[in-house]
Amino acid sequence: MNEFRSDLNASDEADIAALVTRTGVFNAEEVAIARDLVTETRAKAPGADYLFLIADGVTHVDGYTCYGRIPGTDNRYELYWIAVDPDSHRHGLGRALLEASECDVRRRGGTHLFAETSTRDDYAPARRFYTANGYVCYAEVPDFHADGDGLAIFGKRL
Ligand SMILES: CC(C)(COP(=O)(O)OP(=O)(O)OC[C@H]1O[C@@H](n2cnc3c(N)ncnc32)[C@H](O)[C@@H]1OP(=O)(O)O)[C@@H](O)C(=O)NCCC(=O)NCCS
């Protein structure tokens with residue numbers, strides 16, 4: 001059973017920005033968003049809007065999730081971020097982080113977890129990952145992010 005850290009510390013802004021950069025699929029603006037969510041969350045009461053689970057490696061953050069309740073919904077949650085260091089891919093860390101996040105959402109009364117991703121080829125691992133973890137692709141919106149880069153909306157009833 002993995003133990004993940006849910007509290008954020010001062011080095012997480014840089015560590016999480018570096019981690020999402022290392023995955024190679026996110027653009028600079030997306031990396032900045034990932035970093036800003038850490039900054040914003042550290043400045044507020046813990047668990048206010050965005051919840052985090054962090055997998056600490058020996059020298060850096062190996063993986064993390066960021067998720068939260070979707071405002072205005074009946075306990076639907078969204079997985080905003082999941083990333084695992086490429087050196088650790090296919091060793092079950094992503095699944096462990098996702099399952100721990102689902103468990104936390106359930107504990108908070110959440111009934112569904114949704115995850116948005118891209119239809120681009122370099123996101124095929126992410127789409128296979130969601131499917132392998134029981135998520136259904138409910139919808140695709142062509143050209144949502146850019147021409148040829150659509151939106152894929154996955155979800156799971158917990
Ligand atoms: C998606 C991601 C988090 C998966 O992390 P991971 O630790 O490698 O995943 P796991 O080892 O837990 O994989 C669990 C299962 O998902 C599926 N899966 C994961 N990566 C896959 C790949 N590259 N190709 C095919 N299936 C894959 C497999 O069924 C796998 O089980 P198996 O290894 O026993 O066959 C990781 O690839 C990542 O960080 N990608 C970049 C960021 C990203 O795309 N995030 C999500 C979109 S916003």
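Here are a few worked exercises on this structure, which is a predicted model.

**Exercise 1. Find out what lines the largest pocket, and which element gives the most to that lining.**

Start with the space itself: the largest pocket holds about 1,300 Å³. Next, look at its walls. There are 40 lining residues, and those closest to the centre are Phe26, Ile82, Tyr123, Ala126 and Tyr130. Now go up to the level of helices and strands. Elements giving two or more residues to the lining are α2 (28-43), β3 (76-84), α3 (93-107), β4 (112-118), α4 (124-132), β5 (136-146) and β6 (149-157). The top contributor is β3, with 7 residues. Finally, sort the lining by class: 19 residues are nonpolar, 11 polar and 10 charged.

**Exercise 2. Check whether the length of α3 agrees with its residue count or disagrees.**

Take the 15 residues of α3 at 1.5 Å a residue, and you should expect a span of 21 Å. Then compare with the model: the end C-alpha atoms are 21 Å apart, so the two agree. Just past the helix, glycine 109 has a positive phi of about 95 degrees.

**Exercise 3. Work out which residues of α3 are buried, and what covers them.**

First, pick out the buried ones: Leu93, Gly94, Ala96, Leu97, Leu98, Ser101, Glu102, Asp104 and Val105. Then see what sits over them. The cover includes β1 (51-56), β2 (61-69), β3, β4, α4 and β6.

**Exercise 4. Decide whether glutamate 102 is buried or exposed, and name the side chain it has a polar contact with.**

Glutamate 102 belongs to helix α3. Its relative accessibility is 4%, and the cut-off for buried is under 20%, so glutamate 102 counts as buried. For the polar contact, go to tyrosine 135: the two side chains are joined at 2.6 Å. Tyr135 also turns up in the wider list of contacts, which leaves out neighbours within four places in sequence and has Leu113, Asn133, Lys156 and Leu158 as well.

**Exercise 5. Do the same for threonine 65: buried or exposed, and joined to which side chain by a polar contact?**

Threonine 65 lies in strand β2. At 0% relative accessibility, it is buried. Its side chain makes a polar contact of 2.8 Å with that of serine 101. Serine 101 is itself one of the buried residues of α3. Beyond four places in sequence, threonine 65 touches Leu51, Phe52, Leu53, Leu79, Trp81, Ile82, Leu97 and Ser101.

**Exercise 6. Two non-glycine residues, arginine 90 and aspartate 143, have a positive phi. Place each one and say how exposed it is.**

A bit of background first: most residues other than glycine have a negative phi. Arginine 90 goes against that, with a phi of about 65 degrees. You'll find arginine 90 in the loop between β3 and α3, and at 85% relative accessibility it counts as exposed. Aspartate 143 has a phi of about 60 degrees. Aspartate 143 is in strand β5 and, at 43%, is partly exposed.

**Exercise 7. Say whether glutamate 29 is buried or exposed, and how far its C-alpha atom is from that of alanine 126.**

Glutamate 29 is part of helix α2. With a relative accessible area of 61%, glutamate 29 is exposed. Along the chain, glutamate 29 and alanine 126 are 97 residues apart, and 19 Å separates their C-alpha atoms.

Definitions and conventions
Residues numbered from 1 in each chain as written. Predicted model: local features only at pLDDT ≥ 70, side-chain atom pairs only at ≥ 80, totals over all residues. Heavy atoms only, no water. 1 Å grid on protein atoms, 1.4 Å probe; cavity = no way out; pocket = protein on both sides within 12 Å on 5 of 7 lines; lining within 4 Å. Points joined across faces, edges and corners; volume = space filled by probe spheres on them. Helix = DSSP H or I, 4+ residues; strand = E, 2+ residues; numbered from the N terminus. Nonpolar A, V, L, I, M, F, W, Y, C, P; charged D, E, K, R; others polar. Buried < 20%, exposed > 50% of the residue type's maximum accessible area, 1.4 Å probe, protein only. Polar contact = N/O pair within 3.5 Å; in protein donor to acceptor, adjacent residues only side chain to side chain. Contact = heavy atoms within 4.5 Å. Expected span 1.5 Å × (residues − 1).
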